[in-house]
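Hi everyone, thanks for making time today. I'd like to walk you through a structure, so let's put it up on the screen.

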Amino acid sequence: MKSAVGSVKSTSLSLIFTDFKEITKAKLAVSVVFSSIAGYFLGASQIELGSLLLLGFGGYCMVGASNAFNQVIEKDLDALMNRTKNRPIPSGRMSVGTAMAIAIILTILGVISLYILSPKTAMFGAISIFLYTSVYTPLKTKTPLSVFVGAFPGAIPFMLGWVAATNDFGIEPGTLFMIQFFWQFPHFWALGWMLDEDYKKGGFKMLPTGKKDTGTAFQIILYTIWMIVISVMPAFGFTGRLHLSIPAAIIVLLAGLVMLFFGFKLYERRDNPSARKLMLASVTYISLIQIVYVVDKFIS
C-alpha cells in the first residue's frame with residue numbers, strides 16, 4: 001500500500017515538473033541562458049562562478065516568466081492549434097491562477113538575481129519581459145510586424161551577458177545584440193513558414209507578406225546577409241573590445257553562408273522541407289558562432 005502511495009506521489013511530482021518545464025518552455029529558456037553565458041564570457045575579464053550562477057538562474061527565471069505570461073494571454077488561441085493545444089493551460093492540467101503565480105514569482109526572482117549582478121542587467125531583463133508580453137504577444141494576431149517587435153527582447157540575452165560582466169552598455173554588447181536581432185528573422189520566418197497553417201488557426205500573422213511566397217523568402221535572404229555582415233564585423237576592429245581573429249571570422253562566415261544557402265533553397269523551392277532545413281541551420285548557426293566567439297577570445 002505504501003509503495004502504491006509513493007508511486008502516485010512520484011508520478012504527480014513528475015507531472016508537475018513536466019508542466020513547469022512546458023509553461024516556462026525549458027528548452028528555449030536553456031538556449032537563452034546559453035547565449036547570456038556566452039556574452040558573459042566575452043565581456044568578463046575574470047570569470048566569477050557566483051555571477052555565472054546568478055546570470056543563469058536569473059536568465060531562466062526571466063525567460064520562464066515571459067513564456068508563462070504568454071501562455072496565460074494566449075490560452076484560448078493555444079487551444080485552437082495542434083502544436084499548442086496540449087500545453088498545461090489549454091489541456092486543463094494547470095489553472096490560469098497557478099500559471100500567473102509562477103510567472104509573477106519567476107519575474108521577482110529573476111529581477112532580484114539580475115539586480116544583484118548589476119542594475120543595468122536587471123533593467124534589460126525587465127524590458128525584455130515587458131516587450132515580449134505586453135507588445136509582441138498582443139501584436140501576433142494583428143500584424144506581421146510582431147516579429148520585428150519580438151526580435152528586440154529576443155536579441156537581449158547575448159548582450160545581457162556582456163552587461164552583466166561589465167555593468168556597461170557600449171558598442172560591444174550593441175554588436176552582440178545586433179547579431180541576434182538579425183538572426184531572429186530568418187529563424188522565426190522559417191519556423192512560421194513550417195507552421196503557417198497551424199498559426200492561422202490561432203489567427204497569428206507571422207510571415208512578412210502573410211504568405212509562403214517568394215516575397216517572404218527574399219526577405220529571409222536579406223536579413224541573413226545582414227546577420228552575416230554584423231557577425232564578422234568584430235574581425236575588422238570596429239567593435240571596441242569585442243574582437244574576432246581572422247580564422248574565427250572565416251568559420252563564422254562559412255557558417256553564415258551555409259545558412260544563406262538554405263535561404264536560397266527556400267526561395268527556389270518554397271516548401272516546408274526547405275524551411276525546416278533553414279530553421280535547423282539557424283539554430284546550429286547561433287550556437288556555433290557563440291562558441292566560436294568565446295573560444296576565439298581565450299585562444300587569442
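**The chain as a whole**

Let's start with what is tucked away: of the 300 residues in the protein chain, 49% are buried. Please keep in mind that this is a predicted model.

What does the secondary structure come to? It is 12 helices and 0 strands, so if you read along the sequence you just get α-α-α-α-α-α-α-α-α-α-α-α.

Now the overall dimensions. Taken along the principal axes, the C-alpha atoms fill a box of roughly 65 × 50 × 35 Å. The radius of gyration is 20 Å, and a compact globule with 300 residues would have one near 19 Å, so the two agree.

**The aromatic rings**

Here is the part I enjoy. The count comes to 20 aromatic pairs. Take F182 and Y223: their ring centres are 6.2 Å apart and their planes are at 40°, so this pair is tilted. F182 lies in helix α8, residues 171-194, while Y223 lies in helix α10, so the pair ties together parts that are 41 residues apart in sequence.

Are these two residues buried or partly exposed? F182 counts as buried because its relative accessibility is 12%, and the cut-off for buried is under 20%. Y223, at 23% relative accessibility, counts as partly exposed.

F182 has another partner, W226, and that aromatic pair is stacked, with 6.1 Å centre to centre and 20° between the planes. This pair also links distant parts of the chain, with F182 in helix α8 and W226 in helix α10, 44 residues apart.

If you zoom out a little, you'll find that F182, Y223 and W226 belong to one aromatic cluster. The other members are F148, F152, F177, F181, F185 and W189.

Elsewhere, there is a charge over a ring to look at: K140 lies over the face of F204, at 4.7 Å from the ring centre.

**A nonpolar patch on the surface**

Let's finish on the outside. Which residues form the nonpolar patch on the surface? They are F218, L222, I225, W226, V229 and Y267, and together they have about 550 Å² of accessible area. You'll recognise W226 from the stacked pair with F182.

Helix α10, residues 214-232, gives the most to this patch, with 5 residues. V229 lies in that helix, and its 38% relative accessibility is why V229 counts as partly exposed.

That's my tour, and I'm happy to go back to any of these spots on the screen.

Notes
Residues numbered from 1 in each chain as written. Predicted model: local features only at pLDDT ≥ 70, side-chain atom pairs only at ≥ 80, totals over all residues. Heavy atoms only, no water. Patch = residues over 30% accessible without salt bridge, like charges linked within 9 Å, V, L, I, M, F, W, Y side chains within 5 Å. Areas by Shrake-Rupley, 256 points an atom, 1.4 Å probe, with all protein chains shown as cover. Salt bridge = Lys/Arg side-chain N within 4 Å of Asp/Glu carboxyl O. Helix = DSSP H or I, 4+ residues; strand = E, 2+ residues; numbered from the N terminus. Buried < 20%, exposed > 50% of the residue type's maximum accessible area, 1.4 Å probe, protein only. Phe/Tyr/Trp six-rings, centres within 6.5 Å; stacked < 30°, edge-to-face > 60°. Lys NZ or Arg CZ within 6 Å of the ring centre and 35° of its normal. Rg over C-alpha atoms; globule rule 2.2 N^0.38 Å.
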